[in-house]
Amino acid sequence: MPRKNIWDNPFFMNLKKGQITIFIVLGMVLTISFLLLYFLSSTESAPTVKNLNFDSASIESYVIECLSSASSESLILLGKQGGYIHPSIYLELEGYNVAYLLFEGNNKLPGEAEVISQLSVYIKERLSACVTSLAEESKWESEIGEKQVNVVLGSGSVGITLTMPVRLKNGDQEIILDTFAVRKEADLPSMFNSISEIISSVSTHDGGIDMMMLSGMPYEFEIFTAKGETFISVTDISSNVDGKPYQFIVLLDT
Amino acid sequence: MYTFNKRGRSWILLVIILVLISIMSSIFVNAGVLGDVLTRVGPDGCTDGAYETGDEDCPYESSPAEECKDIFTASTASESSGVIPTTKSDSCDGNYYVSEAYIDCYSMDSTETVNIRCPGGFSCLYSMCVHNSGTTIGPQRGISYTSSGKINYADYITVNKVKLWNVKNLVLSLRSRNLIEQADWLTVKNTTYFDVRDFEVNPINYEIHATSLNFRGYELENVKGLRIKNGTDIDFAFGFTYKGVNFGDVFDFRINEDGTFDIGSCTINDNQYRGVENLIIEDNTVIFDHVASLKFGENETMVAKDVSGGAVDENSSFFFESSGEIETTGSLIVNATDVGFYDDYLYAGHAGNLVVGNSIAGNVYFLKTRGNFFNADSAEIVYTDGLTFESVKNSTFITDEEGKLVYTEVVSNANNNIFNLINPLSGSDEYVEFLLDKDQSFVMNFSRDMFQFLVSSNSSMLLSDGGILNTGFTSFGENSTVLVHEGYPPLYEISNGALQFSNERFSETFVSEGTGFVDVTSANGFGCLNLSSLGAYVFSDKLDERNDFVLHVPSNVESYRICTRKTIEQKEIDVECDLCGIIDFISKDIDLRGTIEYLRYPRKNNEIKALVMKEFYMGLNNPLARLVYENDFNVIDTIFLNLSLTDTPSVVFPNNYFAIQEAKEGGILHTFVKVDSTITEDTINDVLIKHYENNILGRIFIDEGGLYYNNINFFTPSEANMEIMRR
């Protein structure tokens, strides 16, 4: 049976050329608007110092935003790179250094302490620019103490606490802040446990992925290969890090 | 002047008449007119007017003047020298004396008589001495005998009208008339016979019969009807025995200078010879240089012609250096050399042609035949029962009375060896055509209920149903066999080879590393197959070879049975076994139980990528799998695995990227999916299946993009997959 041309549809046949052009332009505008909104909402923009008001809430919000941004960035990077911010054995893929979690038969998934340590260090690093900016770009007299980041991998969320003495003076007004905390909805302990099981199973079954095991886990799995290796994307759809479900990439040396 | 009166004239006339009679008698005697009956006596002094009737000659009388005292003839002695002739005749004086009349010529001739006693064994009968058997000696000369009647010597005697010359030590038989019981030697018609026993001569045709005699140095026995012809050729009308060998009906017998015999025709030990040259007898064996024809037995069960260098023993076993033709009941050997017959088998070192029943062989070496059987070390060609075999070696053929092949073992090694076999299996009208390639050889064994082909090197053969070549066999080297058992359909037993069925729609190949069985019909091809370890069933669709598939038996399985259903009329087959499968070409599904491998051609962009099939499904240990195809055998819609059994691992390869494996884990069956990370977008093959399903996991969806199950998505290699990282 010959396939029908879409323009043979009576709806289109009853329209004039000008009307059709309007529809096309309208469609393009809607598409561009949608894309703009999408990108604007999906990127957590760094806070700007210049617009800050000299009040405690604004300053605190600024720091928390810095902390949140750094935390999200760190968590995402950690997930994309298989639990490592700076993996020693990794494969570069799409700008990420994805760590081998199963390498030569060994499970390389980092432990909780190591994850915390990596996150703490990396968040602390990522905060530096933001904090420096607060000190240098603000018109206020500032005194910022040593930063200390504390990460807690809780059940259902990751808690990040920044201990950083901040003293700001604007004339005779003074704001003193010390501790900042954010929480990211990502159940890393559960995810790590599941991933550890998966790695162990894959290792035991010569690269075979247990469908029953995976189907029983509360994640979405996407398995693909690239550069001669197997990747498992584990996505916790119930999580929310930076507005997106948390994704963890497992690289298997199969 | 004297004058005679009437009485005086009468006396003168009488004297004249008597003188004339005397003169006339002398003239007649001298002329031999009365030779048979009148014996002119002389030169013993008797006058010419003395003679004896009956006596033939008496030159060696004891006294020449007393002639003739021949006691073995009845004679009358007459003399006419005197005025008054006198005559006296022999007579018997009692039983043993003969009153022998003779002519006394000492002075005046006179006739006298004397009584002579007959020799022992003789009696006086009919005025002469007659042997007690009734045999008469007849006219004789120079006879000497003993008192017992044995004739020591005689120049000749006439026995029952047959004159025997040079008789020595002759004893007449008492058993019958005319029989010479023995004689050292005697001569009959210029032929001398020595050491004769029971010697008889036919007085009319001079045929000789004797229990034994020595003839020209040859001791013959049971001589019957010997007759000399033309001085050289001899007939033995009823034969003789020589060196223990019985000759019968011997005609044109001639003894050559070298002591051999030429015989026009004869029978020896019931075998009829014609045109025999240079025959001798040694150790009861007839040896000859040449025989024009030789018929064996009274029923002429075998006839040989133009035979050279032959030897035939008393059992009619023989050896011929060559024979132009040998015909037995149902067989014919032409231009044969080194021909032998023993133990009821006929042998030949070589034959130009051999005909056995309806079978014909050409240029045959070292053949052996009997009845409808023949065997040959080699033959250039053999035709039998519609078959043609070329370059045959070490082969045996047996046909029935109608020429149907009932058993054969054939080794053939020829270039382009083609032959047709009218399938003799009962109930089948197929015929088989074999095509062998260059330098290939095979052994064909055939019997009433099966035929077998043993192929000794890599080769292929085709079996046809008359028009379309539809069944072929390919050997895998040594000990490769095809064995067809009688039945309908015929059951083929294959060892170390491959049997292929082909029609216009599809072909099937049955590969057997060990020994496997398959029933084949020309209409539908393979029915049920018993595959041995490492055996395989190969299906090839001639319309679309993407549909081709293979079922292969792994090495750890001893045998696997597969049945096919190809017609609607054929009822569906139940699977009731641990190691078996059903290929239903009607409903387009395959049930596989147990350890078996299912292979397909790898495809790329819907085209066959490589001509080596790859595993699609591997039943590793007793799973029950059902492959359900789409409209044809191209794409599998679903493979369903029943995993209710305790231990049912299996592997499915939807393409070269995915592998789905069932395995037991902690007492629970798990489904594992494995991907080959070395496969790229360029090297990945098409998936051949849409759904994978088992009774525990449920259904997995598969397409070219990936494999999907609930929260699990496997993606085939693609640049688009990088979006996952970019999220």
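Let me start with the side chains of B:Arg727 and A:Glu222, which meet in a salt bridge at 2.4 Å, N to O, where a salt bridge is a side-chain nitrogen of Lys or Arg within 4 Å of a carboxyl oxygen of Asp or Glu. This is a predicted model, in which local features need pLDDT of at least 70 and side-chain atom pairs count only at pLDDT 80 or more, while totals for chains, interfaces and linings use all residues. Residues are numbered from 1 along each chain as its sequence is written, chains are lettered from A in the order in which they are written, and side-chain values use heavy atoms, with hydrogens and water left out.

A second pair is A:Glu94 with B:Arg726, whose closest N and O atoms are 2.6 Å apart in a salt bridge. A:Glu94 lies in the loop between strand 1 (90-93) and strand 2 (96-103) of chain A, and B:Arg726 in helix 2 (residues 723-726) of chain B, so the pair joins two chains; helices (H or I, at least four residues) and strands (E, at least two) are DSSP runs, numbered from the N terminus. Between chain A and chain B the count is 3 salt bridges, and the structure holds 20 over all chains.

Now to the wider interface: 34 residues of chain A are in contact with 30 residues of chain B, contact meaning heavy atoms within 4.5 Å. The area buried between the two chains is about 2700 Å², and carbon and sulfur atoms give 59% of that, buried area being the accessible area (1.4 Å probe) that two parts lose on being put together, summed over both.
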